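I opened this entry to keep a record of what I looked up, item by item. My interest was in charged pairs, sheets and helix packing.

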Amino acid sequence: MSTDRPDASAADPTTPTPGPSAPSPDPAASGPADTGSPEAEPTPTAPAEGDGSPGPEPAPAPSPAEAGAWGPDADPDTEPAPADSGAAGDAGPEAEPDAVPATGEAGSAEPAPADSGEAGGGGPEAEPQDPDAPAQADAGPAAGEAGNTEPVPTDSGAAGDGGPGAEPSVSGRGGVGESPAGGETPAVSEAAAELAAQKVERERIARRKAERQAPVEAGGKLSGKAADLLAAVRAVEGGEKPPAVYFDDAPAAPRKAAAATAPPPPRNPEPAAGPTPDAVAAVEAVLARGGAPAALAGATATALGEDAAERLAEDPWRLLAVAGVRPTQADGFARALLGPDAGPADERRAAALVGWLLEQAALKGHTALEAPTLESALAQYGVPAPAEALEQAIGDGAVLVFSEGEGEDAEAEEGEEAGEDAGPVRVLVGLEGYALAEESLADGLARLANTFDTPADWGDGSELIRAAAGHGLVTHTGGEAARAEPQALAAAARELGLRVCLAAHAPAPGAVTTAGLLAGTEGPGRDADGQFALDLLVVLDAPQLDVETAAALVESVPDGARLVLSGDPAVLGSAGPGRVFADVLAARACPRVVSRVPDPGPIGELVSGIGIGELNQVDAPGKEVVIVPVRDAGEAVHRTVQLVAESVPRAFGIPADSVQVITPGHGGSAGTRALNTALKERLNPGPGRFGGFDPGDRVVHVPSPGRAVPATVVSADARGLHLDGAGARIVVPKERVESQVRHGWAVTAHQAVGARWPAVVVVLPGDAAGALSRDWVYTAFGRAERHLSVVHGVDQALAHAVAQVPPKPRTTRLTGLLSALAEAARDKPGE
């Protein structure tokens with residue numbers, strides 16, 4: 001196929017085109033490549049070594065505009081955060097960059113100089129700059145679009161150059177579905193119901209803390225175990241082998257889940273009350289004194305809770321708890337309030353930065369970070385004594401400290417040097433919420449795994465049915481075709497009279513959504529103890545479970561019930577922190593059933609090869625796979641519109657509304673926004689009189705982070721925008737439309753995961769090659785059922801990504817926790 005034919009026939013699937021193969025100089029012979037995964041952000045660079053000094057003190061009280069711009073005019077993505085050499089996992093659609101770096105390889109160790117427009121000299125407001133950071137990030141369609149592309153701290157031990165250079169963008173946990181700062185409290189909705197239900201589960205998890213010894217006692221100075229652990233950090237950094245006395249022993253036996261004392265949540269729980277108007281007004285007054293936008297008042301009052309105004313005035317760096325606020329902005333705000341007293345060595349600043357860095361890591365999928373990583377990041381942000389600052393945060397109870405990977409022979413024999421047989425040790429630091437969720441999840445999974453001693457009589461059946469009959473916890477892996485196996489299990493269990501629920505990440509035939517099940521709006525509901533009224537829960541799309549969602553699910557599975565986690569481990573991971581499915585598989589704490597059912601046809605053959613790192617040429621006699629080479633982003637948009645509106649419907653009889661476009665990012669000249677604009681103009685032109693939308697527009701509704709529900713606009717009125725989502729009427733309040741709804745002819749791979757369409761057009765613009773990864777390509781290509789067109793503009797990048805760019809790792813604790821509990825149960829089977 002020629003690359004210089006702009007007519008429609010060049011994008012016509014009826015034109016014979018070979019399947020994807022290893023890219024060659026001839027675009028027509030090369031396999032499709034993807035260039036800019038918003039989900040798979042480029043790995044940030046490691047910091048350069050330096051003296052770790054904070055640099056000169058900042059000038060007294062510059063204006064907020066000088067310290068860090070507020071609002072839409074601020075470009076958050078010109079200010080990347082410290083790098084993570086461990087390549088944090090994907091944070092989901094809300095972490096997708098608007099643009100990809102045009103040059104440079106992710107992971108470069110050379111930081112770029114600070115932006116000339118930023119305050120220089122190493123003051124706290126200036127942050128180190130990552131040369132490979134995206135030019136623009138997208139946290140959703142909210143105004144200002146502060147992206148969630150904040151890279152997490154580097155794993156290197158480098159202290160950094162001390163002077164923060166250009167500061168990273170910051171985004172809150174809301175991601176795409178986040179409401180604008182200071183927005184009104186929404187009416188009762190599915191999203192509010194889900195969040196309220198999860199809050200009940202989190203409270204139940206929090207009660208477990210009273211039953212356990214806190215890892216570190218709060219206080220001004222560290223002693224005992226906390227001091228020992230920090231001494232271990234120093235020993236690790238110095239290359240010494242830490243003695244076993246530094247670390248906790250493994251749990252003696254699986255702990256039973258705490259009895260539920262909270263009443264079951266209602267099927268439509270009321271959302272938590274927001275801050276009072278007086279509280280918001282008081283916060284607004286403090287913000288005005290510091291030159292911060294009044295629009296942050298509502299979000300600040302919500303984040304800081306009771307007495308928010310007083311707490312903010314006493315500690316201005318608490319502003320970092322608000323979604324979208326960056327350290328440069330918090331520094332400028334603090335200087336405006338405190339004057340010369342606000343310096344980089346302020347203990348309040350260091351404490352706020354520790355929490356903020358861990359939250360940024362969570363956006364990348366981490367539930368904890370190694371202590372040396374945090375210390376290095378703090379040094380980059382101008383904290384003069386990062387080790388002491390981290391010690392203080394641990395002593396104050398702001399964060400928790402854990403050990404992982406200690407040698408099995410924890411107690412040295414008499415006369416033997418302590419720690420001689422100890423293995424490698426990691427000292428991890430994490431936020432309490434994620435730590436408790438991970439521990440609760442491990443306890444719940446261990447409880448289920450040890451429920452049954454003898455198998456039930458479920459008759460002869462498949463391997464999955466036999467495994468579920470004999471065990472309380474089972475994992476099942478396979479591709480799209482393998483989804484029939486857990487569905488057959490559910491059907492067989494129902495025939496035996498069991499109460500069964502099938503839950504999926506996205507709407508699926510015969511299944512409820514995981515979010516709806518937790519919220520109580522779908523599924524069997526809960527019993528008097530707050531547990532699900534069921535005997536078997538089968539979770540499809542298990543890789544999309546983040547640690548908090550999984551903990552809430554498992555805590556709600558009653559004793560005596562069974563849980564089957566099923567999914568394809570090769571797809572993109574969860575939008576939230578954790579890698580639950582992969583960790584459970586790695587722990588080997590329960591039976592794993594591996595499906596042997598291959599995905600059919602040329603598309604299945606292509607996707608299966610990608611899963612093992614091979615981009616193979618496939619025989620597609622029915623034009624199931626078509627490659628459309630393009631020279632630039634403008635041509636990519638033009639060909640995409642031709643494919644969706646003309647070529648695919650004409651060649652395959654698939655209507656345009658059943659063709660889904662998938663592209664790496666929201667921004668850029670061939671991102672979702674540009675493609676959706678072009679597709680709307682062709683397929684459903686209109687003035688956009690309902691907040692940019694018209695009846696008949698295809699949209700994606702994001703009611704909560706990590707969820708993307710395909711829908712169609714029906715109408716709008718005083719209540720908000722009315723959508724039809726798979727036959728269910730959805731009303732999005734007008735103040736939420738901008739943050740929760742975007743056009744959906746073109747979506748990202750993270751928004752598409754869990755769903756499939758008759759035809760898919762994957763657009764790979766040339767400027768996104770550096771962000772491609774194997775799991776992104778696997779996920780995007782695997783969304784097609786009958787036909788896959790690849791608008792290919794990345795040449796050699798696709799084969800490189802498939803063969804050499806595996807999914808980014810995430811730092812989590814679940815595998816170690818679950819393995820220890822499983823081993824303890826094997827050692828003491830009678831308990």
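**Salt bridges**

I began with Glu463 and Arg596, whose side chains meet in a salt bridge with an N to O distance of 3.5 Å. I note at once that the model is predicted, and that every value in this entry is computed from it. Glu463 belongs to helix 12 (residues 463–470), while Arg596 sits in the loop between strand 11 (592–594) and helix 17 (601–611), so the salt bridge ties together parts that are 133 residues apart in sequence.

I then asked how far each partner is covered. Glu463 has a relative accessibility of 37% and counts as partly exposed, because buried means under 20% and exposed means over 50%. Arg596, at 70% relative accessibility, counts as exposed.

Next I turned to Glu635, which appears in two pairs. Its salt bridge with Arg631 has the closest N and O atoms 3.1 Å apart, and its salt bridge with Arg639 is listed at 2.8 Å, N to O. Is Arg631 buried or exposed? Arg631 is exposed, with a relative accessible area of 54%, whereas Glu635 is buried, with a relative accessible area of 8%. For the second pair I noted that both Glu635 and Arg639 are buried, and that both lie in helix 18 (residues 633–652), four residues apart, which is about one turn of the helix.

I also looked for charged groups that join beyond a pair, and found Lys680, Arg689, Asp694 and Asp697 linked in a network of salt bridges. The count of salt bridges comes to 17.

**The antiparallel sheet**

I moved on to an open sheet of three strands, ordered 3-5-4, in which the pairing is antiparallel. Its edge strands are strand 3 (369–370) and strand 4, each of which pairs on one side only. Strand 5 (residues 426–430) is joined to strand 4 (residues 400–404) by five bridges and to strand 3 by two bridges, again in the antiparallel sense. To fix the register I wrote down one partner for each pairing: Leu400 has Gly430 as its bridge partner in strand 5, and Leu369 has Val429 there.

How many residues of strand 4 are buried? Five of its five residues are, and the strand is mostly covered. In a regular strand the side chains alternate between the two faces of the sheet. In strand 4 I see Leu400, Phe402 and Glu404 pointing one way and Val401 and Ser403 the other way, and all of these are buried. I marked Glu404 in particular, as a charged residue among the buried ones.

**The parallel sheet and the helices on it**

The second sheet I checked is also open, with five strands in the order 12-21-20-13-19 and parallel pairing. Strand 12 (625–629) and strand 19 (746–747) are the edge strands, each pairing on one side only. Within this sheet, strand 20 (residues 757–764) and strand 21 (residues 784–792) run parallel and are joined by seven bridges, one of the bridge partnerships being that of Val760 with Leu788 in strand 21.

Helix 17 packs on the sheet, where it touches strand 12 and strand 21, and its direction makes about 60° with that of strand 21. I also recorded helix 22 (residues 774–781), which lies across strand 13 (659–662), strand 20 and strand 21 and runs at about 145° to strand 20.

**A helix pair**

For a helix-to-helix contact I took helix 16 (residues 580–587) and helix 24 (residues 814–827), which pack at an angle of about 35° with their axes 8 Å apart. The crossing of helix 16 past helix 24 is right-handed. Helix 16 contributes Val580, Asp583, Val584, Ala586 and Ala587 to the contact, and helix 24 contributes Leu814, Thr815, Leu818 and Ser819. Which kinds of residue make up this contact? I find six nonpolar, two polar and one charged.

**Totals**

I closed with figures for the protein as a whole, which has 24 helices and 21 strands. Of its 831 residues, 57% are buried. Among contacts with a separation of 6 or more, 79% come from residues 24 or more positions apart.

Note on methods
Residues are numbered from 1 along each chain as its sequence is written. This is a predicted model: local features need pLDDT of at least 70, side-chain atom pairs count only at pLDDT 80 or more; totals for chains, interfaces and linings use all residues. Side-chain values use heavy atoms; hydrogens and water are left out. Axes are lines fitted to C-alpha atoms, for helices over the stretch in contact, and angles run from 0 to 180 degrees between N-to-C directions. A crossing is left-handed if the near helix is turned anticlockwise from the far one by less than a right angle, and right-handed if clockwise. Contact means heavy atoms within 4.5 Å. A salt bridge is a side-chain nitrogen of Lys or Arg within 4 Å of a carboxyl oxygen of Asp or Glu. Buried means under 20% relative accessible area, exposed over 50%, partly exposed in between (1.4 Å probe, protein chains only). Two strands pair if DSSP finds at least two bridges between them.
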